[in-house]
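Trainee: I would like to take a close look at a single part of this model and to see how it is placed within the whole. May I begin with a simple count?

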Amino acid sequence: MKRLSLSQQRSLTGYLFTLPFIIGFILFFLAPFIQSVIFSLNHLRIVAGGYELIYNHFENFKHALYVDTQFLPTFTQTVLNMITDVPAIIFFSFFAALLLNQKFRGRLLARSIFFLPVILSSGVIAGLEAADYMSNLMREQATNATSFLAGPTLTAFLLQMKIPRELLLYVISVVDRIPEIIRASGIQILIFLAGLQSISPSLYEAARVEGASPWQTMWMITIPVLSPTILANVVYSIIDSFLAPTNALVTYIRTTAFGGAGFGIGTAMGVMYFAAVSVVLAIVVGVLSRHVVYQD
Amino acid sequence: MIGRIRQKIWMTKPTRSVGGDLLVLLLIGAAAAYSALPLVYSISNAFKPPNELFLWPPQFFVRNPTLANFYDLLVLMSSSWIPFSRYLVNTLVITLGGTAGHVIIASLAAYALAKHDFPGSKFMFSLVVLSLMFAKQVTAIPKYLITSVLGLVDTHWAIILPAWCMSLGLFLMKQFIEAMIHDALLESARIEGASEWTIFWRIVMPNVRPGWLTLIILSFQALWGETGGQFIYSEQLKTLPNALSQIVSAGIARAGVAAAVGVITMILPITVFVINQSKVIDTMGASGIK
């Protein structure tokens with residue numbers, strides 16, 4: 001057998017190591033995805049012994065955009081929610097992780113507490129809460145109460161101050177959503193913690209020897225070394241916000257596909273949503289990755 | 001040794017004023033209270049007798065704690081058609097098998113994509129990132145068709161195999177490997193004659209330990225709540241969440257049992273989290289490079 005060159009050998013290793021993943025990925029993700037795109041372009045009819053597809057010239061997309069009255073408003077609302085939530089989630093989880101990474105008594109307990117919302121809001125437990133009679137009663141009462149912190153009087157008062165209006169409105173909307181933000185930050189805190197734990201202490205030591213203040217250390221060491229983790233977390237938060245099963249649009253797509261107007265229209269909505277999420281993500285990643293520092 | 005002492009001084013040196021400390025403590029305390037209260041409430045609920053469970057306005061703490069709810073749950077479990085332990089074993093098989101395979105396969109691929117530049121690697125990674133964005137509701141039907149063609153319907157593999165190839169794990173592991181592993185470290189291992197396989201297990205994996213410990217929690221969390229509803233039909237193969245949701249589907253009549261079920265399903269994920277996080281070493285050894 002001919003000896004492979006070094007770069008060929010390296011490529012071969014690359015292919016071998018990715019092979020198990022790629023096989024599964026093609027089978028369980030890529031193929032279903034392509035099939036979904038085909039479904040979205042066709043009218044799906046159930047016939048004896050299976051289904052048949054009739055090509056219908058983007059009819060499903062037109063239906064979702066022009067006929068369906070709920071799709072577009074829910075769509076824009078979902079994107080707006082993501083834009084307000086993600087920066088807040090990143091800031092909150094970053095500072096929570098910085099604090100939880102420090103040495104103090106009961107640190108493990110504190111970390112567990114911040115992870116609790118993730119456990120509580122998943123699977124069976126979320127279902128239990130949704131089905132519980134008393135929780136539903138309480139939820140009804142809670143919607144009648146005024147918003148979390150910034151009631152209408154406070155908002156009006158703040159708006160009279162000489163603060164940029166858009167900034168203020170953003171802060172108020174974030175304050176209103178603090179509970180959701182804490183609830184959505186559990187995994188991000190964990191990812192940041194893992195990133196922080198991998199920063200070499202010798203870097204801090206060197207910075208200290210050079211006389212850097214903690215503030216400088218934070219900007220010159222912690223944030224640059226953590227930047228790939230920050231990028232990963234931003235991507236994770238955007239996807240989590242867009243694809244959570246509780247997301248209004250995801251719920252709407254599900255009801256359309258499996259209960260309402262049919263699977264074809266549902267998948268057409270899904271494909272458009274996918275395209276929109278990809279564009280948002282591409283822009284965010286494109287802007288952020290210029291500032292990411294990799295160690296090599 | 002001196003380094004360690006110095007580091008200790010550095011770590012414990014107060015860097016904030018007392019007021020700042022208090023403020024931070026207050027903020028984090030408030031957020032922690034918000035996160036912990038639902039747990040305390042649901043544990044307290046599980047011990048409430050019916051007359052306290054339906055009290056309005058609801059009481060936060062239980063006044064006359066009782067084990068009746070857990071007892072009722074045990075009675076329901078023992079009268080079920082299939083031995084209850086079977087559901088638990090099914091869920092454990094899916095959760096442990098899925099998590100282990102996911103972490104290993106994702107890390108292998110992530111190492112190759114992060115540190116080996118081979119033709120098609122960039123394309124592969126963009127594909128993976130794109131696939132993160134697809135709502136799984138939309139691919140549900142094609143995914144079922146493929147599972148059925150592969151003959152996996154009504155087996156645990158229908159859940160375990162897709163879990164192995166979730167793109168999230170690959171994405172996270174690639175970010176961690178890129179951030180934590182120096183190329184110089186890999187070079188020196190190659191010069192010493194280590195094979196890629198050895199490098200992966202002896203150098204890459206130990207150094208990204210915080211990364212895969214995090215991934216274990218994520219994967220465990222996702223699979224533990226798996227009902228398997230679309231793929232598993234045989235009663236003896238169904239999962240714990242499935243069985244438990246059947247028990248509580250009787251609604252208001254089983255509110256007490258439902259509270260007990262909630263506490264029981266929370267115990268294992270919380271335990272796994274605590275054990276897992278206590279295994280993360282605080283300061284990684286700088287990957288041997290100074």
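How many helices and how many strands are there in chain A? And in helix 8 of chain B, which residues are buried?

Mentor: The model is predicted, so please keep some conventions in mind: local features need pLDDT of at least 70, side-chain atom pairs count only at pLDDT 80 or more, and totals for chains, interfaces and linings use all residues. Residues are numbered from 1 along each chain as its sequence is written, while chains are lettered from A and ligands numbered from 1 in the order in which they are written.

Chain A has 14 helices and two strands (DSSP runs numbered from the N terminus, with H or I over at least four residues for helices and E over at least two for strands). Chain B has 14 helices and zero strands, and its pattern along the sequence is α-α-α-α-α-α-α-α-α-α-α-α-α-α. Of the 296 residues in chain A, 34% are buried (20 or more other C-beta atoms within 10 Å of a residue's own, against 12 or fewer for exposed and anything in between for partly exposed, with C-beta atoms placed from the backbone). In chain B, 40% of the 290 residues count as buried. Contacts (C-beta atoms, placed from the backbone, within 7 Å) often join distant parts of the sequence. Among those with a separation of 6 or more, residues 24 or more positions apart account for 75% in chain B and for 74% in chain A.

Let us now turn to your chosen part. Helix 8 of chain B covers residues 157-164, and seven of its eight residues are buried, so this helix is largely enclosed by the rest of the structure. The buried residues are B:Ala158, B:Ile159, B:Ile160, B:Leu161, B:Pro162, B:Ala163 and B:Trp164. What do they pack against? Their partners are helix 5, helix 7 (140-149) and helix 12 (209-224) of chain B, together with helix 1 of chain A. Before helix 8 there is a loop, and B:Asp154 has its place there, between helix 7 and helix 8 of chain B. B:Asp154 counts as partly exposed, because it has 15 C-beta neighbours inside 10 Å. Its phi is near 65 degrees, a positive value in a residue other than glycine. Most residues other than glycine have a negative phi.

Two of the partners of helix 8 also meet each other. In helix 1 of chain A, A:Thr13, A:Gly14, A:Phe17, A:Thr18, A:Pro20 and A:Phe21 are in contact with residues of helix 5 of chain B, including B:Ile105, B:Ala106 and B:Ala109. This contact has 10 nonpolar, three polar and no charged residues (Ala, Val, Leu, Ile, Met, Phe, Trp, Tyr, Cys and Pro are nonpolar, Asp, Glu, Lys and Arg charged, and the others, Gly among them, polar). The contact between the chains takes 89 residues from chain B and 83 residues from chain A. Helix 14 of chain B (residues 255-279) gives the largest share of chain B's side, with 12 residues. By class, that side has 60 nonpolar, 22 polar and seven charged residues.

B:Ala109 appears again in the interior. The largest nonpolar core (buried Ala, Val, Leu, Ile, Met, Phe, Trp, Tyr and Cys residues joined through C-beta atoms within 7 Å) has 115 residues, and B:Ala109, B:Ala110, B:Met173 and B:Ile177 have the most contacts inside it. Domain 1 (2-66) and domain 2 (78-285) of chain B both give residues to this core, so it lies between them. Not counting residues up to four places away in sequence, B:Met173 touches B:Ala106, B:Ser107, B:Ala110, B:Gly211, B:Trp212 and B:Leu215. Another core, of 16 residues, lies apart from the largest one and includes B:Leu73, B:Leu244, B:Val257 and B:Val261.

The bounds of the two domains come from an automatic or database domain assignment. Their C-alpha centres lie 29 Å apart, and six residues of domain 1 of chain B are in contact with six residues of domain 2 of chain B. On the side of domain 1 that touches domain 2, helix 2 (18-46) and helix 3 (50-53) of chain B each supply at least two residues. Helix 2 of chain B gives the most to that side, with four residues. The residues of that side divide into four nonpolar, two polar and no charged.

Methods:
Two residues are in contact if their C-beta atoms, placed from the backbone, lie within 7 Å.
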